[in-house]
Amino acid sequence: MDFLDNLVIPATAQHLSLLKIILVMSLLIFIPFFGMLIGGTAFSVIFNAYGRKKKNKLFIRFAKDVIDKLAINRFVGVGLGIIPMLSITFCYAQLLFEVKVISVSLLFVATLFLALAVNFIYSYQNTFQIESLIETFKGITGLDKHELDKQLPEDVTDYEFDLMNTNSNSGLYGFVLLLLTATFFAGGITIAQFSENYQDFQNIAQMFLSGATFVNFLFILVLSAAITGSAILFFFFSWQGGMHDMDKEYSNFVKKIAGNMAFTGAAVTPVVLFFSFYMTPNSALSGSVFVYTGLAFVSLLMLCNFLYAVIKNSDMKYIGAAFYFVILSCGFIIMKNQSAFGTASYKHLEIISLKAEELHKEKKTKTINTEGVNGEEIFTKICSACHGFDTKLVGPPYNLTVPKYNGDIKKLADFILNPTKVSADYPPMPNPGLKPKEAAAVSQYLIDKVSGKK
Ligand code: HEC
């Protein structure tokens, strides 16, 4: 992404550690929410389609509740989804400064897909609300279905038809776009760990050649199942006392579906975690990658334990603990990935911070030391004999000549120290015999004066 390259600068060592912290925090927000979004949308779309086909009210209600509870609302979608994803992309752009590899482009494409997906998902969510509004009004009329059909104006029935179309389409589009987001996200993060093979990943299509990307994509899906199942249990039964208007049938149905989903996800995640670890390139392995992988294992086992207690005894007491371990497991998995990336990019990051220091030094030498010399005094004493600002004397007016130097003090000082013939309309300027410091001071004075600063 060339335009991203223009936004980033080489970062100093302290700046780099700050970036890594921002990156981990953004991931900690993004991964759990994204997991909920992708799992919640999948659940909702499937139960919605199936429920409408079979005219099963329970399924449709579940579809509506899931997307309401898990996707929350548009602002949350932007705040916990798009913004963290953007900040992840920028952090990678900064950390992979001047590295020729597709990671940053992949993350950027993932961000675009996510933005589109979020749009579709919240209009999908919206259709449920409008539908139930229409149903309520129909109920108020007290007419039976047959009479209603006769009496409803045509544009209302048309609108309902459109609404149901939007409902089934946007949910599906949203879900497909989320899958694409997950693919490109997995690609960006995974390929960044293969620092010794960066040259093999130069265009976006090459992402599909990376087996590790595929494993990490699966990883996201399986982890999302665990997150989604636990989140449904948590938000339906525990958060703020749970949902109140659930009858026995509905609540058993939700417990069963979400419990199974959460447990299956949580039990399969360690397996995929193992493969993901196995696929980590040697150049990215370090002690902390081992430690975080181990911690993630333990945390996932605890999660399975609590989920089992929830399912077995239908006891919602442990669901808070289970949800806590979901988030903790996400945290360890993120730390594992980030320490792998940290190790892989270690050499590169050293180069970046060296570059940053060089730039810093260069800037320092460019700011010329004019201490103790008065530029204005030199002008009045020496230069004003031949120069005015807007009048032509022996030499040309400064307002015409100084702007040519574009604020470059050094260049102007060089001319003053050693005047060369410039214009045929004037005699050559004699060397005023200044010291470098004095030339710099008078240059500074002229530049400030001409640009209106003084
Ligand atoms: C004896 C007269 C004389 C003095 C004293 C003099 N200049 Fe000049 N200066 C000239 C002339 C003549 C030119 C035009 C030279 C040319 O166009 O080749 C000139 C040109 C310049 C220019 C324009 C250069 C360009 O790129 O077009 C600058 C800037 C300048 N002088 C700065 C100074 C400063 C600063 C001092 C005092 C330290 C100074 N001059 C002292 C006669 C003088």
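User: What makes up the division of this protein into domains, and where do the bounds fall?
Analyst: Happy to start there. In this predicted model, domain 1 covers 2-357 and domain 2 covers 375-450. These bounds come from an automatic or database domain assignment. The C-alpha centres of domain 1 and domain 2 lie 64 Å apart.

User: Why are α3 and α8 called roughly perpendicular to each other?
Analyst: Helix α3 (residues 57-71) and helix α8 (residues 211-237) have axes that cross at roughly 95° and come within 10 Å. Angles of 65 to 115 degrees count as roughly perpendicular, so α3 and α8 earn that description. On the α3 side the contact is made by Val66, Lys69 and Leu70, and on the α8 side by Thr228, Ala231, Ile232, Phe235 and Phe236. Sorted by class, this contact of α3 with α8 has six nonpolar, one polar and one charged residues.

User: And what makes α4 and α5 roughly antiparallel?
Analyst: The axes of α4 and helix α5 (residues 103-141) cross at roughly 175° and come within 9 Å. The label is used for angles over 145 degrees, and α4 and α5 are therefore roughly antiparallel to each other. Their contact includes Gly77, Val78, Gly81 and Met85 of α4, along with Leu107, Ala110, Leu114 and Val118 of α5. Its residues divide into 16 nonpolar, five polar and one charged.

User: How does α2 pass α4, and at what angle do they pack?
Analyst: Helix α2 (residues 13-54) and helix α4 (residues 74-95) pack at about 145°, with their axes 8 Å apart. The crossing of α2 past α4 is left-handed. Among the α2 residues in this contact are Leu23, Leu27, Phe30 and Phe34, while α4 brings residues including Leu80, Pro84, Ile88 and Cys91. By class, the α2 contact with α4 has 15 nonpolar, four polar and no charged residues.

User: Which residues come nearest to the ligand, and how do you know that a residue belongs around it?
Analyst: The test for a residue is a C-beta atom within 6 Å of the ligand. There are 25 residues around the ligand, and Cys383, Cys386, Gly395, Ser423 and Met429 come nearest.

User: What classes make up that shell?
Analyst: The shell around the ligand has 19 nonpolar, four polar and two charged residues. Cys counts as nonpolar in this scheme and Gly as polar.

Definitions and conventions: Residues are numbered from 1 along each chain as its sequence is written. This is a predicted model: local features need pLDDT of at least 70, side-chain atom pairs count only at pLDDT 80 or more; totals for chains, interfaces and linings use all residues. Axes are lines fitted to C-alpha atoms, for helices over the stretch in contact, and angles run from 0 to 180 degrees between N-to-C directions. Helices (H or I, at least four residues) and strands (E, at least two) are DSSP runs, numbered from the N terminus. Angles under 35 degrees count as roughly parallel, over 145 as roughly antiparallel, 65 to 115 as roughly perpendicular and the rest as oblique. Two residues are in contact if their C-beta atoms, placed from the backbone, lie within 7 Å. A crossing is left-handed if the near helix is turned anticlockwise from the far one by less than a right angle, and right-handed if clockwise.
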